[in-house]
Every structure is written in structure tokens, then in C-alpha cells.
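Please open the model in a viewer and keep its sequence panel in view. The tour proceeds from one selection to the next.

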Amino acid sequence: MKANARDIRSALERPSPDIRLYLLHGPDGSATAELAALLARAMGPDAERIDLDGATLRSDPARLADEAASLSLFGGARHIRVSPAGEECLDAFTALLEADHAGNPVVALAPTVKSTAKIVKLAIESRCAMAFAAYEPSAADLERLAATMARDQGLRPAGAVAARLASACGGDRAVLAREIEKLALFLDAAPDRPHDLDEAALDAIGADLGEAEMTQVVDAVIGGHTAALGAELARLDEAGTSPIPWLRLLARRLMTLAEMKAEIDAGATQDSVFKRHRIFFREEAATGQALRRWNAAMLSAALLRVRQAERAIMASGNAGSVLADHALTELTRGVERRG
């Protein structure tokens with residue numbers, strides 16, 4: 001069945017034994033990750049979580065239904081997360097929904113899958129599944145969300161502060177929340193002791209990194225140039241810049257490539273896709289090479305890893321830029337080996 005935002009949140013907070021599969025798809029990866037976390041929280045801190053991916057299920061479609069029907073090793077709650085998921089999961093999802101028994105809920109994260117995909121159609125038509133499409137909020141929606149979240153933390157945003165926060169988060173709600181928490185801590189603000197939030201506070205803890213500099217890092221990752229990436233990361237580390245801005249730029253580039261790849265796989269010509277996405281003619285050669293090197297599964301996995309690195313960096317007590325350096329180096333090496 002097809003679910004709206006309220007229905008899917010309610011279902012994941014109180015999972016029903018009648019629902020075997022929660023399919024979370026669409027480009028807003030931060031929203032789907034947040035929703036998947038609701039199921040984990042509902043299952044309890046001692047629940048066993050089984051992690052699978054689309055490649056595993058493509059080679060062994062029966063495994064998902066087997067895992068869903070299996071008992072936990074210690075007899076407690078058990079749930080399954082499939083990430084990233086794509087059309088290669090169709091047989092596995094079909095087997096799960098047609099199985100005689102499935103006691104463990106499955107949540108599947110499919111950030112590059114569109115509403116016309118076969119797995120989405122399967123979930124919508126089944127009484128044992130729920131499908132929810134998460135789309136990135138508009139700039140106006142994000143600005144309103146930033147203002148609301150800031151007020152909840154005891155901050156009173158002035159002028160264009162909410163708009164700056166919305167722009168800086170790259171459409172990621174989790175990152176936006178972390179930015180606002182940092183500001184509240186910096187200003188010692190709380191609901192019972194509100195504090196004005198102005199441009200000076202953003203400048204005091206924000207990163208100042210030029211678009212051109214960020215682009216060089218992103219180009220190295222997309223192109224699979226490990227040596228160039230190492231040099232760029234060393235230069236940025238020496239300058240003391242935050243990895244957050246270029247991680248966000250990389251996430252946007254990966255999303256664009258995923259959309260173009262899906263359109264080409266669906267039969268569109270490369271020229272028409274480039275025109276639709278307004279690819280500058282000087283970037284056409286590099287973009288075409290990237291589309292040949294990266295497949296849908298790679299793009300989905302890379303986007304998830306970049307988002308995870310960004311959230312880890314925003315968490316308290318983190319290892320700083322080391323997390324981003326490691327994640328991007330591994331991604332780039334994988335692309336280089338493929339090239």
C-alpha cells in the first residue's frame with residue numbers, strides 16, 4: 001500500500017505483524033534514514049538487526065524471506081534492513097511477500113528508485129507492504145523547518161539566518177539538526193533561556209570554503225583519481241577547513257548522476273539527458289565518463305556512505321575530518337579500480 005508521511009511514521013513507530021516490508025524510496029536520503037531509525041527504536045535496544053544489500057539479494061533472492069522467518073539467536077526481537085535496495089531486489093521482495101510466514105519486519109532504503117519502479121509497484125499493490133516516497137523539501141520548506149527547529153532549541157533566528165541554515169544543510173534534516181544543536185551549545189541557548197541567533201554566530205562556527213576548491217575534491221572522487229584526492233585532502237586539512245561543505249556538494253553530484261543514469265537506463269539519449277540537466281559543454285566529456293564508470297548500485301551505496309560520514313562528523317566526540325578522508329578515499333579507490 002502507498003503511505004503518506006504521517007502513516008509511514010506511525011507504522012514504523014508501532015510496527016504491525018501484518019506489514020512485512022517497509023519500502024522507503026526517493027531522493028531524500030536523510031528522511032528515509034530517519035524513518036528507518038524509527039523501526040530500530042521501536043524494536044528495542046536489544047533487538048538483533050540483520051543488514052543486507054541489493055547485490056546480496058540479487059544473487060540469493062530466497063535469503064530475505066528466510067531471514068524474515070528466522071528466530072533471533074538469543075530469542076529476542078529481530079528486524080532486517082536492506083540498503084541500498086533497487087530493482088535487483090524484485091525477486092527477493094516478491095518471495096518475502098508471498099511467503100507463508102515472516103515474523104521479522106524488513107525496511108528497505110532505495111534512494112535512487114523512482115515511483116515507477118517495479119519494486120515500488122509491488123509494495124503498493126501488496127497488503128503486506130508499505131511504500132513511501134521521500135522527496136527533498138523545497139528551499140522554502142527547509143527555511144521554515146530551520147526556523148522551527150531553531151526555536152525548539154531556544155534560538156531566535158534573525159534576518160536571513162534561517163535561510164542560510166537551510167542552504168548549508170544540503171537538504172539533509174539530520175545535518176540541519178546538528179548545525180542547530182551546535183549553535184545552541186555555542187550560544188548557551190535552551191527553551192528556558194532563549195538567545196538571539198544572528199549572522200555573527202553562523203560566521204563564528206561555519207566553514208568558509210570556496211566552490212572551486214570543493215569542486216576539485218568532488219571531481220577527484222567522481223573521476224576515481226586517488227592521488228589527486230590525497231593532495232586535495234592534505235591541502236584542505238592544512239587550511240583547517242571543515243569537510244561538511246564538500247561532502248554536501250559530493251552528495252548533490254551523486255544524486256544528479258543517479259538521476260541521469262536512471263533516465264539513460266530507461267531509454268533516454270545521453271544528449272537529451274545532458275540538455276535536461278543543463279550540463280555545461282566543457283563538463284560533458286567528464287560527465288559521460290562518470291556515467292560509464294558508475295552504475296546505479298555504486299551511486300546509491302556511495303550516496304549512503306557520504307551521508308553517513310557527514311552525520312558521523314556532526315556527532316559529538318567524533319574523529320573529525322579523518323572520517324570523511326577515509327570514506328572518500330575508499331570510494332575513490334573503488335572507482336579507480338573499476339576504471
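Leaving aside its neighbours within four places in sequence, with which residues is Ser83 in contact? Select Ser83 and display its surroundings: under that condition its contacts (heavy atoms within 4.5 Å) are Leu52, Asp53, Leu109 and Leu304. Ser83 sits in the loop that runs between β3 (78-82) and α5 (90-98). Its relative accessibility is 18%, so Ser83 counts as buried; buried means under 20% relative accessible area, exposed over 50%, and partly exposed in between, with a 1.4 Å probe and protein chains only.

Some conventions apply throughout. This is a predicted model, in which local features need pLDDT of at least 70 and side-chain atom pairs count only at pLDDT 80 or more, while totals for chains, interfaces and linings use all residues. Residues are numbered from 1 along each chain as its sequence is written, and side-chain values use heavy atoms, with hydrogens and water left out.

**The whole chain**

Select the protein chain next. It holds 17 helices and seven strands; these are DSSP runs numbered from the N terminus, helices being H or I of at least four residues and strands E of at least two. Of its 339 residues, 45% are buried. Among contacts with a separation of 6 or more, 78% are between residues 24 or more positions apart.

**The sheet**

Now show the strands. Five of them form an open sheet in the order β2-β3-β4-β1-β5, with parallel pairing; two strands pair if DSSP finds at least two bridges between them. The edge strands, each pairing on one side only, are β2 (48-52) and β5 (129-133). On average, neighbouring strands of this sheet are turned by 15° against each other, direction ignored. Such angles run from 0 to 180 degrees between N-to-C directions, with axes fitted to C-alpha atoms, for helices over the stretch in contact.

Add helix α4 (residues 62-69), which packs on the sheet and touches β2, β3 and β4 (106-110). The direction of α4 makes about 155° with that of β3.

Within the sheet, select β4. All five of its five residues are buried. Val106, Ala108 and Ala110 point one way from β4, whereas Val107 and Leu109 point the other way. On one pairing, three bridges join β3 to β4, and Val82 stands opposite Ala108. On another, β1 and β4 pair over five bridges, with Leu24 opposite Leu109.

Continue to β1 (residues 21-25), which five bridges join to β5 in parallel. There, Leu21 has Ala129 as its bridge partner.

**The largest cavity**

Where does Ser83 appear again? Ser83 is one of the residues that line the largest cavity, whose volume is about 90 Å³. A cavity is a set of points on a 1 Å grid over the protein atoms alone where a 1.4 Å probe fits but cannot get out, and lining residues have an atom within 4 Å of a point. Grid points are joined across faces, edges and corners, and the volume is the space filled by probe spheres set on them. The lining also includes Gly29, Ser30, Leu109, Leu304 and Arg307. Helices α2 (29-43) and α16 (296-314) are the elements that give two or more residues to this lining.

**A final stop**

Lastly, select Ala139, in helix α7 (residues 139-152). Is Ala139 buried or exposed? Its relative accessible area is 62%, so Ala139 is exposed. Ser167 lies 28 residues from Ala139 in sequence and 7.4 Å from Ala139 in space, C-alpha to C-alpha.

Conventions
1 Å grid on protein atoms, 1.4 Å probe; cavity = no way out; pocket = protein on both sides within 12 Å on 5 of 7 lines; lining within 4 Å.
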